[in-house]
Amino acid sequence: MDISSITSLYSDVYTTAANQSATELQDKLSSDYTSATDDELMDVCKQFEAYFLEQVFKEMEKTIPEDEDSDSSTSQLVDYFKDEMLQEIASESTEQSSLGLAQMLYEQMQRNLGTDITQISEAAIETTAAEAAIEEL
């Protein structure tokens, strides 16, 4: 088996895996989470944040000029390892709450699902008080 057949195999597998990953995430996000536990809800939010970060990193990487001397077969293998690295960095960043996007999504989903009525009430009271203060000015 030569390197070109390995890289074409990688290309097929990678494309399938990327499409499958996006489809699985979309299925999870479109599921009914009214009976989900807080941990399940947060897990989905973290997965979305990791996927989002991975896509941002990949778009940032596209802005870097490519080396014209690189061999296409080795380039595909290097791309594989870059993709793996980006996935790991995105996962680790999400676990460390670097952006906080997962937490914001989690709180929004709780509000939309009606599982956190006290936060909605407090936010409504704060908004009403702020609007009253603005009207007085």
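Analyst: A residue is termed buried when its relative accessible area is under 20%, exposed when that value is over 50%, and partly exposed in between. The model discussed here is predicted.

User: Why is Lys46 called partly exposed?

Analyst: Lys46 has a relative accessible area of 24%. Buried requires under 20% and exposed over 50%, so Lys46, at 24%, is partly exposed.

User: What makes the contact of Lys46 with Glu95 a salt bridge?

Analyst: The closest N and O atoms of Lys46 and Glu95 are 3.6 Å apart. The criterion is a side-chain nitrogen of Lys or Arg within 4 Å of a carboxyl oxygen of Asp or Glu, and the pair therefore qualifies as a salt bridge. Lys46 belongs to helix H2 and Glu95 to helix H3 (residues 72-95); with these positions 49 residues apart, the pair links distant parts of the chain.

User: How do you know that Lys82 and Glu61 meet in a salt bridge?

Analyst: Their N to O distance is 3.4 Å, and the cut-off is within 4 Å, so the pair counts as a salt bridge. Because Lys82 lies in helix H3 and Glu61 in helix H2, the contact ties together parts that are 21 residues apart in sequence. Lys82, at 34% relative accessibility, is partly exposed, and Glu61, at 26%, is partly exposed as well.

User: Are Glu54 and Lys58 buried or exposed, and what is the distance between the closest N and O atoms of their salt bridge?

Analyst: Both Glu54 and Lys58 are buried, a term that requires a relative accessible area under 20%. The closest N and O atoms of Glu54 and Lys58 are 3.1 Å apart; the limit is 4 Å, so the contact is a salt bridge. Both residues lie in helix H2, 4 residues apart, which is about one turn of the helix. In total, the structure holds 4 salt bridges.

User: How many aromatic pairs does the structure hold, and why is the pair of Phe48 and Phe52 called stacked?

Analyst: There are 2 aromatic pairs. The ring centres of Phe48 and Phe52 are 6.5 Å apart and the ring planes stand at 20 degrees. Planes under 30 degrees apart count as stacked, so the pair takes that name. Phe48 and Phe52 are 4 residues apart in helix H2, so about one helical turn separates them. Phe48 is partly exposed at 26% relative accessibility, and Phe52 is partly exposed at 38%.

User: What makes the pair of Tyr80 and Phe81 edge-to-face?

Analyst: The rings of Tyr80 and Phe81 lie 5.1 Å centre to centre, with 75 degrees between the planes. Edge-to-face requires over 60 degrees, so the label applies to this pair.

User: Why is Tyr80 counted as partly exposed, and why is Phe81 called exposed?

Analyst: Tyr80 has 31% relative accessibility and is therefore partly exposed. Phe81 has a relative accessible area of 57%; exposed means over 50%, so Phe81 is exposed.

User: Which residues gather in a patch of negative charge on the surface, and why is Asp38 called partly exposed?

Analyst: The patch consists of Asp38, Asp39, Glu40 and Asp43. Asp and Glu count as negative, so the charge of the patch is negative. Asp38 lies in helix H2 (residues 38-61). Its relative accessible area of 43% makes Asp38 partly exposed; patch members need over 30%, so Asp38 meets that requirement.

Technical notes: Residues numbered from 1 in each chain as written. Predicted model: local features only at pLDDT ≥ 70, side-chain atom pairs only at ≥ 80, totals over all residues. Heavy atoms only, no water. Patch = residues over 30% accessible without salt bridge, like charges linked within 9 Å, V, L, I, M, F, W, Y side chains within 5 Å. Areas by Shrake-Rupley, 256 points an atom, 1.4 Å probe, with all protein chains shown as cover. Charge placed at Lys NZ, Arg CZ, Asp CG, Glu CD. Helix = DSSP H or I, 4+ residues; strand = E, 2+ residues; numbered from the N terminus. Buried < 20%, exposed > 50% of the residue type's maximum accessible area, 1.4 Å probe, protein only. Phe/Tyr/Trp six-rings, centres within 6.5 Å; stacked < 30°, edge-to-face > 60°.
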